[in-house]
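Open the model in your viewer and keep the sequence panel beside it. The stops below each say what to select and what is there.

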Amino acid sequence: MDPIVIRAMAKWPNVPVVYGWLALDRRGQWSIKRAGAAGSAAQFEPVTHLKLIEFIGRNYTHDEQGRWYFQNGPQRVYVTLAYTPLVYRIASAHPLSFETHTGASCAAPQSAWMDEAGNLLLVTEHGPGLLLDRDLPRGVEALSYADGHALEEEQLLALIEEGKDAAGVYFNTGAASLPLSLIRSEEVPARLGFVREPRPPVG
């Protein structure tokens, strides 16, 4: 977290928090709520300013309840998530290494998951995240059986479409071999420990 943000938090410790203003999509793109006409549905516009994107990324974290937020100076801005709080992209292909959408390098992948749509999810020291869609083909190539044999297309489809047991299937980065677990997308927040849409306390 930026020193200027830490100082602002100390100077103004009781600034009200914000909900529903900042969103993160499935590709790691930030969007900010745009003021609309009264009664109209909320609309968001992408954040395109590079310095602002970097500032948000440096000051993006989570609380003990698994609610992810951007610390905007003294004000905490909770983030509405399209899927996961992080989006992972491949930083190098051989061996596989990853970084978050905020640019943080991942030293320790901890678990690998696949949902019913064939998306790959990873948990690292930074938290849970979706593998970026453009990197998914390379991620799927990393799936193999314990003996090193790659999954055939029909075996992969059986995992995705039929939800067959993934026992014996591993996600191999070249530096680590993680057992693959299957998960339903609606179960992801609870099982991986985060809140997709933080809301104000009742009352």
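Start with helix α2 (residues 50–58), whose buried residues are F55, I56 and G57. Buried here means under 20% relative accessible area, with over 50% called exposed and the range in between partly exposed (1.4 Å probe, protein chains only). Helices (H or I, at least four residues) and strands (E, at least two) are DSSP runs, numbered from the N terminus. Next, show what covers those buried residues of α2: the cover includes α1 (3–11), β1, β2, β4 and β5. A contact is a pair of heavy atoms within 4.5 Å.

Before going on, note that this is a predicted model: local features need pLDDT of at least 70, side-chain atom pairs count only at pLDDT 80 or more, and totals for chains, interfaces and linings use all residues. Residues are numbered from 1 along each chain as its sequence is written, and side-chain values use heavy atoms, leaving out hydrogens and water.

**The sheet**

Now display the open sheet of 6 strands, which has mixed pairing and the order β3-β2-β1-β6-β5-β4. Its edge strands, each paired on one side only, are β3 (43–46) and β4 (60–62). On average, neighbouring strands in this sheet are turned by 45° against each other, direction ignored. That angle is taken between axes, which are lines fitted to C-alpha atoms (for helices over the stretch in contact); angles run from 0 to 180 degrees between N-to-C directions. Strands pair if DSSP finds at least two bridges between them.

Select β1 (residues 18–24) with β2 (residues 30–34): they pair in the antiparallel sense over 3 bridges. Then add β6 (residues 75–81), which runs parallel to β1 and is joined to it by 4 bridges. Which residues stand opposite L24? In β2 the residue opposite L24 is W30, and in β6 the bridge partner of L24 is L81.

Move to β5 (residues 68–72), which is antiparallel to β6, with 4 bridges joining the two. Q71 stands opposite R76 in β6. The two strands, β5 and β6, make a hairpin with 2 residues between them, and G73 in the turn has a positive phi of about 65°.

**Aromatic pairs**

Colour the rings of Phe, Tyr and Trp (its six-membered ring); they pair if their centres lie within 6.5 Å, and planes under 30 degrees apart count as stacked, over 60 as edge-to-face and the rest as tilted. By this rule there are 6 aromatic pairs. One of them is Y60 with W68, a tilted pair at 5.1 Å centre to centre and 45° between the planes. Y60 is buried because its relative accessible area is 9%, and W68 counts as buried at 4%. Y69 and Y78 have ring centres 5.8 Å apart and planes at 70°, so this pair is edge-to-face. Both Y69 and Y78 are buried. Add Y19 to the selection: ring pairs link Y19, Y69 and Y78 into a cluster.

**The nonpolar core and S111**

A nonpolar core is a set of buried Ala, Val, Leu, Ile, Met, Phe, Trp, Tyr and Cys residues joined through side-chain atoms within 4.5 Å. In the largest one, of 46 residues, F98, L143 and F171 touch the most other members. Strand β10 (residues 120–124) gives this core its largest share, 4 residues. Centre on F98: beyond four places in sequence, its contacts include Y88, L122, L131 and F171.

Finish at S111 in strand β9 (residues 111–114). S111 counts as buried because its relative accessibility is 19%. Outside the residues up to four places away in sequence, S111 touches L121, L122, V123 and L178. The side chains of S111 and W113 are joined by a polar contact of 2.9 Å. A polar contact is a pair of N or O atoms within 3.5 Å; within protein, one must be able to donate a hydrogen and the other to accept it, and residues adjacent in sequence count only if both atoms are side-chain atoms.
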